Amino acid sequence: MNLPYFISKRISSKQGQSFSATIHKIAIASIGLGLAIMIISFLILRGFQYTVTNKIYAFSSHYIVTKYSYGSSIEEPPMKKTSPLYTDYKSTQWVDHIQEYAHKAGLIKTDSEVLGVVFKGVGTSFDVSRIQEFMVEGKFVTFNDSTYSNDVVISKVIADKLNIQLNDRIIVHFFQDPPRSRRLTVVGIYETNLSEYYDDKVILGDIKLIQRLNGWDSDYVGGLEIYAKDIQYLDEAGEEIFDRMEHDQAMEFVRDKYMQVFEWLDLISRQVNIFLGIILFVVCINMVSIIIILIMERTSMVGMFKALG
C-alpha cells in the first residue's frame with residue numbers, strides 16, 4: 001500500500017468540514033482571479049499597442065525619404081521618383097512597397113466654417129489595402145490617366161466640423177503665390193481616432209493636383225513612403241534603403257517622427273508591467289499563506305509522524 005497517498009486521501013476526505021477548507025477555496029479563487037487579471041491586462045495592452053502602431057504605419061509607412069532640406073515646411077521640395085530606390089525596390093530583400101506622395105497646405109471654406117487642412121497627394125502606387133479598414137464611408141480616390149482626379153477623402157472629424165456629407169463638393173484654397181482654389185468631390189470618409197496627427201487636418205487626394213499647382217513634371221514628387229516586409233526587420237530594411245539613396249536625399253524613421261506616441265506606448269507598457277508584478281506578488285503571498293495554514297492545522301499530525309520516525 002502507498003502510505004503517503006493513503007494519508008493524503010484521508011486528509012482530503014475530511015478536510016471539507018475543517019476551517020482550512022474555506023481558506024483553501026478562498027486562496028484558489030484569489031489566485032485564479034489574479035492570474036486572469038494578468039492575462040487580460042497583457043492582452044488588452046498588446047492589442048492597444050498593435051492597433052495604434054498599425055494605424056500610424058498604415059498612414060505614414062515605416063520609412064520616409066525626402067530631398068534633403070534645411071527647412072521645416074509642410075510642403076517638401078521636389079525630388080525625382082525615377083531614382084534606383086524607387087524603380088528597383090522589388091529586387092531588395094526587406095523592402096515590401098514604395099509609394100510616392102506630396103503635401104500642400106490648404107483651406108476648406110464652406111458657407112459657415114473655415115478650416116485649415118493638409119492635402120496629401122498620392123498616386124496610383126498607393127496601397128489602398130493598408131487603410132481600407134479605416135474607411136467608414138464611401139471609397140478611395142479614383143485616379144485618372146489623362147489629368148488629375150477631383151476626388152478627395154476626408155476624415156470623419158473634418159466632415160462633422162464642416163457638416164460635409166459623402167459626395168458633397170467642397171472648395172479647397174491652396175496657399176501659394178498667387179493663391180489657387182479647386183472644387184473637389186468628397187468620395188470617402190476615414191477615421192483613425194488619432195486626431196492630433198491625421199483626422200484633424202489630413203485629407204487625401206491625387207498627387208497630380210499638387211504637381212499641377214506647383215508646376216512639377218510627372219516625375220517629381222514630394223517624397224517616398226517605404227514599407228518593410230516585416231516590422232521585425234525594420235533595421236535591415238533601413239540599411240537597404242540607405243544604400244540605395246542618392247546623396248541629396250534624407251531618410252526618416254516614422255517611429256522617430258511620432259516619437260511622442262511611441263514613448264507614450266512604452267510608458268503604458270512599463271506601468272502595466274509594474275501592475276502585473278504587484279498582482280504576481282499577491283498571488284505568491286496567497287499561495288504561501290494557504291501552505292502555512294495547512295501546516296499549522298496539521299501540526300499535531302506532523303509531530304506524531306516525526307515521533308513514529
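**Exercise 1. Place aspartate 235 and describe its surroundings.**

Step 1. Aspartate 235 lies in helix H7, residues 234-244; helices (H or I, at least four residues) and strands (E, at least two) are DSSP runs, numbered from the N terminus. The model is predicted: local features need pLDDT of at least 70, side-chain atom pairs count only at pLDDT 80 or more, and totals for chains, interfaces and linings use all residues. Residues are numbered from 1 along each chain as its sequence is written, and side-chain values use heavy atoms, with hydrogens and water left out.

Step 2. The relative accessible area of aspartate 235 is 58%, so the residue is exposed (buried is under 20%, exposed over 50%, partly exposed in between, with a 1.4 Å probe and protein chains only).

Step 3. Asp235, Glu236, Glu239 and Asp243 gather in a surface patch of negative charge. Patch members have over 30% relative accessible area and no salt bridge; like charges are joined within 9 Å, nonpolar side chains (Val, Leu, Ile, Met, Phe, Trp, Tyr) within 5 Å. A salt bridge is a side-chain nitrogen of Lys or Arg within 4 Å of a carboxyl oxygen of Asp or Glu.

**Exercise 2. Describe helix H9: what is its span, and which residues are buried?**

Step 1. Helix H9 covers residues 259-297, 39 residues in total. From first C-alpha to last, H9 reaches 57 Å, close to the 57 Å expected at 1.5 Å a residue (1.5 Å times one less than the number of residues).

Step 2. The buried residues of H9 include Val261, Leu265, Ile268, Val272, Leu276, Ile279 and Val283. An α-helix has 3.6 residues a turn, so residues three or four places apart point the same way.

Step 3. Isoleucine 278 is also placed in H9. With Ile274, Phe281, Val282 and Ile285, Ile278 forms a nonpolar surface patch with about 490 Å² of accessible area together.

**Exercise 3. Which phi values do serine 61 and asparagine 167 have, and is each residue buried or exposed?**

Step 1. Serine 61 sits in the loop between helix H2 (19-60) and strand E1 (63-67). Its phi is near 65 degrees, positive in a residue other than glycine. Serine 61 is buried, at 0% relative accessibility.

Step 2. Asparagine 167 sits in the loop between helix H4 (156-162) and E7. Its phi is about 75 degrees, again positive without being a glycine. At 56% relative accessibility, asparagine 167 is exposed.

**Exercise 4. Where is the cis peptide bond?**

Step 1. The cis bond joins aspartate 177 and proline 178, with omega about -5 degrees.

Step 2. Proline 178 lies in the loop between strand E7 (169-174) and strand E8 (180-190).

Key: Accessible areas come from the Shrake-Rupley method with a 1.4 Å probe; for residues, only the protein chains shown count as cover. Lys and Arg count as positive and Asp and Glu as negative; His and the chain ends are not counted. The place of a charge is taken as NZ of Lys, CZ of Arg, CG of Asp or CD of Glu.
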